[in-house]
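Subject: A structure for you to look at

Hello,

Here is the structure I promised to pass on. Have a look at it first, and then read on for what turned up in it.

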Amino acid sequence: MPNLRIVLLFVAGAGVAGSGSGVAGQDRPVAGELTEVYRVGGLSAPEWAQFVDPSRMGFDASGNLYVLDTDAYQVVVIGAGGDLVMTVGREGEGPGEFRAPADIVVWRDGHFGVVDMMHGAYQLFTPDGGLERFVRMSSATGEVGMAAARATVRADPAGGAVIAEGASMGAIFFSMMAEEIEGEQIDVVGENGKLERLDLSGQVAVAESIAHARQVVPMSLEANPPYFAPRVIWDVLPDGTIAYFDSTAYEINLVGVDGGSKGVLERPLRAETVTDGIRSAVIRHLTEEMEKAFKELAREMAELMPAEEMEEMPDMDEQARERAERTEFYAEIPVLRGLRATWDGSLWVQRRGEDPWDHNGPIDVLGADGEYRGTLAPGDPGMPEAFGPGGLVAFVELDEMDVPTIVVRRLPAEVR
């Protein structure tokens, strides 16, 4: 199998402690290898591997990969060697059928669940693909019941539950109304930053609060949060500990299953202040991105609308510039942009890239003992979609026609 070279940047003699001690020193590159195990998908793939949107996935302890293809309304289970194990689900109204599948959670024993937004339920399946339970998100029905859907969901390692974050926009608006100060940014501890354990053993999910993270929210439901406003990013370690960050600093909070603090992981990397020069650069970047998007939209509209109607359309480039210039900014640029827990309990922590708007920067690897292992260079290999046993990791690659292929590789031991 081909190997993918990756670069590790190590700090000599340094560590990250749960007590909050930082890491000192300069990064040094060290070579490593990422071995390809298999790839499935692409234009010439068999029918079961002709994926449309396969970005939601997870491994079980046997190395099987469970892929939710949201546009195909099915779960595809791929064996450790890249072969098809089974497909589960189809579009439909009944239990075991999907109306709007949004996410998948996979437990290590092979049980898995699909978050179905239009059903307002978690559909739970046995390892052989049989429907085990249909658990409503809320005792309410219709749109009110759907409002109980969480923004991010992870499998609880203990089984029978998921860890979730987020709630309805109504909860955010409530918090804003309670603490609103006209014209200012507010850090609100609201439902959308609430981390909960959802017990799925009954007919309705039962929530138990674990922790609250800070969340910067817009001043109205119509507005967006300020550009550079820190997001709540989190994941669950194998022992049930939740790791999350919620500020512009390099601070990763650890919270136990009982909600008690287990410390903070830090590095002495500071947030950058947003200057007038940075604002101008970001506005130029946003303008260029919006102009590209508007031109693509115009091409699509030209295929559907008469030429005389297209001539009456407003100047989209001018609209892009005006929209970009109205952008509100947070005071600092967050250091961290992504966080995932590995199968063995390490953390991959993604930092910002060279440009302040670039989310795909270097990735720090913090071991299960809190020790700093090193840093993966940007793009080598990037943040996986899922981590599995024995160093397995899964990625989604797009070809020049945006046709997806799932690629499973194996990590070297030092970054697992």
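**The largest pocket and its surroundings**

Let me begin with the residues that line the largest pocket: 24 of them are nonpolar, ten are polar and ten are charged. Please keep in mind that this is a predicted model.

In total, 44 residues make up that lining, and the space in the pocket comes to about 1,200 Å³. If you would like to find its centre on your screen, look for Arg154, Asp235, Leu339, Arg340 and Glu385, which are the lining residues nearest to it.

Which strands help to build the lining, with at least two residues each? They are strand 3 (56-59), strand 7 (101-106), strand 11 (152-155), strand 17 (233-236), strand 23 (336-341) and strand 27 (386-387). Strand 23 contributes the most, with five residues.

Two of these strands are good starting points for a walk into the rest of the model.

**From strand 27 onwards**

Strand 27 pairs with strand 28 (residues 392-398) in the antiparallel sense, over two bridges. Here Ala386 has Ala394 of strand 28 opposite it. The two strands form a hairpin with four residues between them, and Gly390 in that turn has a positive phi of about 65°.

Strand 28 also pairs with strand 29 (residues 404-410), again antiparallel, this time over seven bridges. One bridge to look for joins Phe395 to Val407 in strand 29. This hairpin has five residues between its strands, and Asp402 takes a positive phi near 65°.

**From strand 17 onwards**

Strand 17 belongs to an open sheet of four strands, in the order 17-18-19-20, with antiparallel pairing. Strand 17 and strand 20 (261-266) are the edges, and each has a single partner strand, so one side of each has no neighbour in the sheet. On average, neighbouring strands of this sheet are turned by 20° against each other, direction ignored.

How many bridges join strand 19 (residues 251-255) to strand 20? There are five, and the two strands run antiparallel. Leu254 is a handy place to check this, with Gly263 of strand 20 standing opposite.

To recap the links to the pocket: strand 17 and strand 27 each supply at least two residues of its lining, strand 17 is also an edge of the four-stranded sheet, and strand 27 is also part of a hairpin with strand 28.

Happy exploring, and best wishes

Terms used: Residues are numbered from 1 along each chain as its sequence is written. This is a predicted model: local features need pLDDT of at least 70, side-chain atom pairs count only at pLDDT 80 or more; totals for chains, interfaces and linings use all residues. Side-chain values use heavy atoms; hydrogens and water are left out. On a 1 Å grid over the protein atoms alone, a cavity is a set of points where a 1.4 Å probe fits but cannot get out, and a pocket is an open set with protein on both sides within 12 Å along at least five of seven lines; lining residues have an atom within 4 Å of a point. Grid points are joined across faces, edges and corners, and a volume is the space filled by probe spheres set on the points. Ala, Val, Leu, Ile, Met, Phe, Trp, Tyr, Cys and Pro count as nonpolar, Asp, Glu, Lys and Arg as charged, and the others, Gly among them, as polar. Two strands pair if DSSP finds at least two bridges between them. Axes are lines fitted to C-alpha atoms, for helices over the stretch in contact, and angles run from 0 to 180 degrees between N-to-C directions.
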